[in-house]
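Please read the following with the sequence and the model side by side. The paragraphs move from the sheets to individual residues and then to the enclosed space.

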Amino acid sequence: MSVLRSDAGDAGMKLSAPLSDLGELCGTDRREAVLSEHLRVETMRSWAAPSVPVLEGRGPQLRLYDSADRQVRPVTPGPTATMYVCGITPYDATHLGHAATYLTFDLVHRLWLDAGHTVHYVQNVTDVDDPLFERAERDGIDWRELGDRETELFREDMAALRVLPPHDYVAATEAIAEVVELVEKMLASGAAYVVDDAEYPDVYYRADATVQFGYESGYDRDTMLRLFAERGGDPDRAGKGDELDALLWRAQRPGEPSWPSPFGAGRPGWHVECSAIALTRIGSGLDIQGGGSDLIFPHHEFSAAHAESVTGERRFARHYVHGGMIGWDGHKMSKSRGNLVLVSRLRAQGVDPSAVRLGLFAGHYRSDRFWSDAVLEEAAARLKHWRSAAALPAGPDATDVVARVRQYLADDLDTPKVLAALDGWCTDALAYGGHDPAAPRQVADTVDALLGVEL
């Protein structure tokens, strides 16, 4: 059995200190010199990659629902498939809503490998943002220390869940220079402006800077304004040209970290961070921009628009892919509500991470669904059933079930059909046996390679 291994690095992480002491820079040469000297950071490490079996043949072309086109259509990457998935804001532990999102794109990653593509996958960490500062102040801890701690826990959770690591794992604080450059371009083109505020001259993006703004979400203005206010926007900020204009650069406030820029010391806005990281690590025209459905607006709409305003391209990504929300006790699982099921807590309780994967795969990735003890119990029973069948000395021919698993996954990640197909093969194998000594291993390798579940 051949094995693929990720080339994601394991270099140590070292974040540079905020540069508030440098103040505002004057002149391009000095700006470049200071950024070059002070914004150098070691690349943030991701996590150890699991081994991935290589199956015979090639998997079929992947088809996914595109949020902008509102339909399932083929994903058409070149030899190298590219994907940007928004990462965590590390102020608390990984919950099952996070896990569901990253498992969705882990399936995409695995299917691309099975189809013969090289995969360039980029994920960020929003390690400088208001929620992080607020939690750090509440808990009496330095915001960097909190961010480092929760990012490390996230890595441990992803490794335990056997999620393939991104090729580039980039903290916002590692991308300050790229953000500054991108904001400069938007200011120069007229896509951005500085608010006339002597105390806090924040930089904003004009929502009408591209004629296609709004195509990704398809929302009307009233819906946009409501979601903008609910999800980190500031429609009532005095001095803005439009309520929907989005923050690009927040001028330095007392007690907040800041970095130098030609337009004053400050820190990045949320959306532009992802635009800059994606453009510098992958470039324009990436195959997939992904995340949870709560990121469609404003985050993904604006991060795409920022990039489009400087590249001139009609679409930032060829596919916009979003997973549904995971609920508990009748509500969406969220940190603000406090109804979290934490991956680390499940692991501490002795829950097999493969059972967590199967529990989340029991529902379709695009559907909003609820986690429960019953879901976990069913997943654990399924895992035991499959492992018993995989341990048999022989089983029924597995050619058909492997082909169906590949086809169902390629058809918009239809994991419920995949689980049913594998349940059927395992039931037949345990009830009637079989004459193919290679079949149990063939099924186990398929489940490992495509679902990330080790039997």
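What follows is a walk through the sheets, some single residues and the cavities.

The model is a predicted one, in which local features need pLDDT of at least 70 and side-chain atom pairs count only at pLDDT 80 or more, while totals for chains, interfaces and linings use all residues. Residues are numbered from 1 along each chain as its sequence is written, and side-chain values use heavy atoms, with hydrogens and water left out.

A good place to begin is the open sheet of five strands, which has the order E7-E6-E5-E12-E13 and parallel pairing. Strands here are DSSP runs of E with at least two residues, helices are runs of H or I with at least four residues, and both are numbered from the N terminus; two strands pair if DSSP finds at least two bridges between them. At the edges of this sheet stand strand E7 (168-171) and strand E13 (317-323), each of which pairs on one side only. On average, neighbouring strands of this sheet are turned by 20° against each other, direction ignored, where the axes are lines fitted to C-alpha atoms (for helices over the stretch in contact) and angles run from 0 to 180 degrees between N-to-C directions. Within the sheet, strand E5 (residues 80-85) pairs with strand E12 (residues 286-292) in the parallel sense over three bridges, and Tyr84 stands opposite Gln289 in E12.

Another open sheet has four strands in the order E8-E9-E10-E11, and its pairing is antiparallel. Its edge strands are E8 (192-194) and E11 (266-268), each pairing on one side only. E8 and strand E9 (residues 203-205) run antiparallel and are joined by three bridges, with Val203 in E9 as the bridge partner of Val194.

Turning to single residues, the unreviewed UniProt entry places the feature "binding site" at Cys86, Cys274 and His299; UniProt positions are given in the numbering used here, feature names are shortened, and annotations may be inferred rather than shown by experiment. Although these residues are spread over 214 residues of sequence, they cluster in space, with a largest C-alpha distance of 9.5 Å. Cys274 lies in helix H7 (residues 270-281).

Two features of the backbone also deserve attention. The peptide bond from Phe297 to Pro298 is cis, with omega near 5°, and Pro298 has its place in helix H8 (residues 296-311). Asp412, although not a glycine, has a positive phi of about 60°, and this residue is found in the loop between helix H12 (399-410) and helix H13 (415-432).

Finally, what space is enclosed by the protein? A cavity is a set of points, on a 1 Å grid over the protein atoms alone, where a 1.4 Å probe fits but cannot get out, and its lining residues have an atom within 4 Å of a point. Grid points are joined across faces, edges and corners, and a volume is the space filled by probe spheres set on the points. By this rule there are three cavities of 30 Å³ or more, and the largest has a volume of about 60 Å³. Residues lining the largest cavity include Ala100, Thr104, Leu107, Phe361 and Arg369. Helix H2 (96-114) and helix H10 (353-361) are the elements that give two or more residues to this lining, and H2 provides the largest share, three residues.

Definitions and conventions:
On a 1 Å grid over the protein atoms alone, a cavity is a set of points where a 1.4 Å probe fits but cannot get out, and a pocket is an open set with protein on both sides within 12 Å along at least five of seven lines; lining residues have an atom within 4 Å of a point.
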